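Here are my notes on the aromatic rings, written so you can follow along on screen. Keep the 3D view open while you read.

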Amino acid sequence: MVARLPGRRVRSLARAALLLALFVAGAAAATSPAPRQGAAPAAPRGGALAAAEGCTNCHGGIEEMHPWQPLSCTACHGGDAKATKKEQAHVKPRGPLPNDERLLPLDFDPEWLQFTNPGDLRVAKRVCGSCHTNECDDLFKSLHCTTAGHLSDSLYENGLTKERRTRYSIFPVADKDGRRPPGAYAELPGFPRADDPARRDSLAGHVTDLGRKSCMQCHLWGSGTAVRGRLGQDGNYRGAGCSACHVTYADDGLSRSGDPTIDRFEPGHPERHAMVKAPPTQTCVRCHVGDASIGLHFRGLAQLVPGMPAGPEVPGTTNALQNGVFYVNDRAIVPPDVHHERGMHCVDCHTMRDVMGDGEIWGFMEHAVEIECTDCHGTFDEVSALVTSRGRKLDHLKVEAGLVYLESKVDGKRHFIPQAAHVIDPARPEYNAKAARAMTPQHERLECYTCHAAWNVNFFGFHFDRNESFTQLDLVSGERTAGRCSTQEKVFATYKHFYFGWNDEQKIAPYLVGFSTMGSVHGADGALHLDQELPVTAAGLSGMTMIHHQLHSTRAQARGCVECHRSPATVGLGSPSFQLSREVAALLDLRGVHLIAVDRENLDASTPLASLALPGGVAIAARCDDLQGRFETLFVAIGGAGVAVIDARKAAFPEKVAFLSTDDPRDLLVRGNVLYVADGRAGVRLFDLANPRQPKVLATLPTREAVGLDLAWPHLYVADATAGVKIFDVSVAGKVDLVGHLDPNLDPSRADDVHAVKVLFQWARPDDGTGERTDARVLAAVAGGLQGFFLFDVTEPSRPERLFPPPEVRVETPATSAQPESANRVLDVQVLSRFDLGSPGGDIATEEHDYAYFAVQPLEETMTPGAIAVVRITDPYAPKIVAGAPMPDGAFRLAMAAWYNPPFLRRYALVAGRDAAAVLDTSASDKPMLLGTLFGEGLRVRDLVVEEFPLDRMVEIDGRPLKDLSHEGARFLDAAEILKVLRVPLGVDDVRGFGLLGDER
């Protein structure tokens, strides 16, 4: 089962396995014959009972499966103990056997199933349950059997259920013991079979088919894709039922047993014919490698970026295929969890009840798991009480001389467990001053792993495809039905961006993309029926969401303060890096607005939809709908006049619905219900768009000559021409404050030449090569006209720092009239984070970088070409120009776009030139390619905008939720909470991670 553990997520398989083994031993003692008195002859390998039944006549050398209390072979496997020939001794199947990963019916040939795997859930109650009755009963109600939460997430996110509660199990399950605590279920029906034909025109009409065909393999009812005899499943081979955890398999699925009859070349056999009390981590990660990827995070592995080279010759990736793929394996980017690094196993944290259930039917992981970080590490005020969050004793924890130690359930190794209370106690030798500054009452409502999760992978815009012209195996019914579903299509990727919100316990926890997916559907004729449709919940919110997770990437050093307290994206306000471009673009030229249907595979073949006459336009901005990212309203700045408001919901029939009189609008920005207008010498005007047909003035901000805008909530950055960049706090529209000023030439007596500014938050990396986290910061990129470009650290807007050019470098600002016509001006800028794919041989590594794209144009505009400068700003102290793309028609303004053409995301810069909007393919950062024009030529393009869906924007600046949540009790931060977090006062030393939990002893 792929885990999704918010709230209580550091919980464990440990006690589960230990107790199961003890129960097995006790049960066997109750049913086995009494041992003979006196000396007994040496039993053959495989056990005396096996020899007595004659099984070892063929299976000589086989290991004892149940060493704690010997059991006879037929007690587990059935068969005829008295037979002397294989044909009579072995159980024969009743009929033909499927050799695929379908889920067998509950009543499927029980004698044969028992013979092949006595731990199969269909027979486990009569085999294992003959002694372990309660454990088997609990197991059937556990999430490892029901997979309830995972199955329900997508149903809620697609509007098929109205409540944030589990609706289905894989197979029907009921709790008949008469006890049901709050939040538990009395029963759950099996997962539904048929899609609703009435919903075929929405994604909701296809997701149950996806669930039945692609999401039924990670549980205990089967062994997943690694069926016996199937090659190429290294890392997936495992048993079903009880055997999934308590019988180990080698990665290659080959047997190393002493049994001479086992086929040594057929994959899918246990490594040895022997049970283990406590499953090692390698057993758990047979399943826990998808969705939240906790089994990968824990070991310091990550799924690849789409198109990323990997393999034995590529540094930083695994040398062999696991689970059918290679993984990232680079501790500078994805270091292992500190618990794994120090030799601990999953079951050293997780308990028997976490894994095998506690007798209740729970709907989500956070309800089923009882272990918490504080159960072992204690709280800020108290050391560990050596019990779980539900009061059950942790027998493998011990206190010696006031210190807490854990003894591994797998290998017996002792581990020192640092206590939070000791780390912040100045009188203790474990005291850490940095940790003490962070571990305060103000942070008591944070899960420990919110700060100590060093990294996580996120795939925004996950995509599935369903093609009704093909059939695919329905894993539940065992039938091939129409609709082939593929689910491994990833769109945007990141290993460093970090998000959080409230979990079900009302604690702040990390948030991660889970099962949220957009989808495309092809009909029976192969024609496209739905094209990258986004899910919508019954509450009318987007289902392209996130949910809280225990990331299992804990490191001793915590995140730096600024990664939460200065990053709007962390609290759900979005970033410029994950904007999915949609179907329509709008170009603004001197005559008006042109709406264009984008052909995302051949942009230069895009076709016109409509034009609206608006002479004199200089800038355009758009507000897109919250569910699909399509145009709702366009705003067009008319030079020297005002702003036209256009209803663009019907792209073929745009309609002008309002006009705002302003002095000299130069640039526009829309967020939520606020329109920001850079109005030249009249300053910046803010308009309320609650009713876009009747906008109302909210405020006017004084500037010298406002020409460009960007918003990094709660701060508005204004490119103020000769006066640099002004920073305003606009969180309260009626009370706007000037909080900072960027002076590119660092000399207030000399004029600047600023045209545009854009802001990007730079998250820290977990390891700078010395074990320390890198610095995180808020970075402002400034298009400085004749002065060039600038990079400023604006983490503290009141204390900005120019990083590039270095402060000691003097920036010359001669009068424009004195410049030669060939002098270059940097006129516009866009910023984002992205991956650069490496070379197939690994000489060039795949890396996640931050970029600024600058539009550069000579002073003489009439005929001269311009250029787009692609600048890597990952290290803002030493930015690197990785490419310069000549733009023959000039480069005056630019917009970034990212269209997904399965299986790859393509990135573009759309450049406003003299006579057209040029399309520059920037998918390879160092090799941008000029493709042509977006729509014809002869257009005096002034600006352009594309429909976009912000995949990582969870809430609007006013706190209004944009994305829904499938778990009860979880929510994103509201407006007041967001401002509280972002306005926490920080000292100059609060830019690095807070100290260590403690040292191994």
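The points below go through ring pairs, a ring cluster and charges over rings.

1. Before anything else, keep in mind that this is a predicted model. It holds 16 aromatic pairs, and I've picked out a couple worth a look.

2. Start with F171 and W221. Their rings meet edge-to-face, with 4.9 Å from centre to centre and 80 degrees between the planes. F171 sits in the loop between helix 9 (148–157) and strand 1 (173–174), while W221 sits in the loop between helix 10 (207–214) and helix 11 (243–246), so this pair ties together parts that are 50 residues apart in sequence. Both F171 and W221 are buried.

3. Now find F789 and F854. This pair is stacked: the centres are 4.7 Å apart and the planes 25 degrees apart. F789 belongs to strand 32 (residues 789–793) and F854 to strand 35 (residues 847–858), so the pair ties together parts that are 65 residues apart in sequence.

4. Are those two rings' residues, F789 and F854, buried or exposed? F789 has a relative accessible area of 16%, and because buried means under 20%, F789 counts as buried. F854 is buried too, at 1% relative accessibility.

5. Rings can also gather in a group. Which residues make up the aromatic cluster with F460? Its members are F460, F492, Y499, F578, F761 and W763.

6. Last, look for charges over rings. R414 has its charged end over the ring of Y405, 4.2 Å from the ring's centre. Likewise, R559 lies over the face of F498, and here the distance to the ring centre is 4.0 Å.

Note on methods. Residues are numbered from 1 along each chain as its sequence is written. This is a predicted model: local features need pLDDT of at least 70, side-chain atom pairs count only at pLDDT 80 or more; totals for chains, interfaces and linings use all residues. Side-chain values use heavy atoms; hydrogens and water are left out. Rings of Phe, Tyr and Trp (its six-membered ring) pair if their centres lie within 6.5 Å; planes under 30 degrees apart count as stacked, over 60 as edge-to-face and the rest as tilted. Helices (H or I, at least four residues) and strands (E, at least two) are DSSP runs, numbered from the N terminus. Buried means under 20% relative accessible area, exposed over 50%, partly exposed in between (1.4 Å probe, protein chains only). A charge sits over a ring if NZ of Lys or CZ of Arg is within 6 Å of the ring centre and within 35 degrees of the ring normal.
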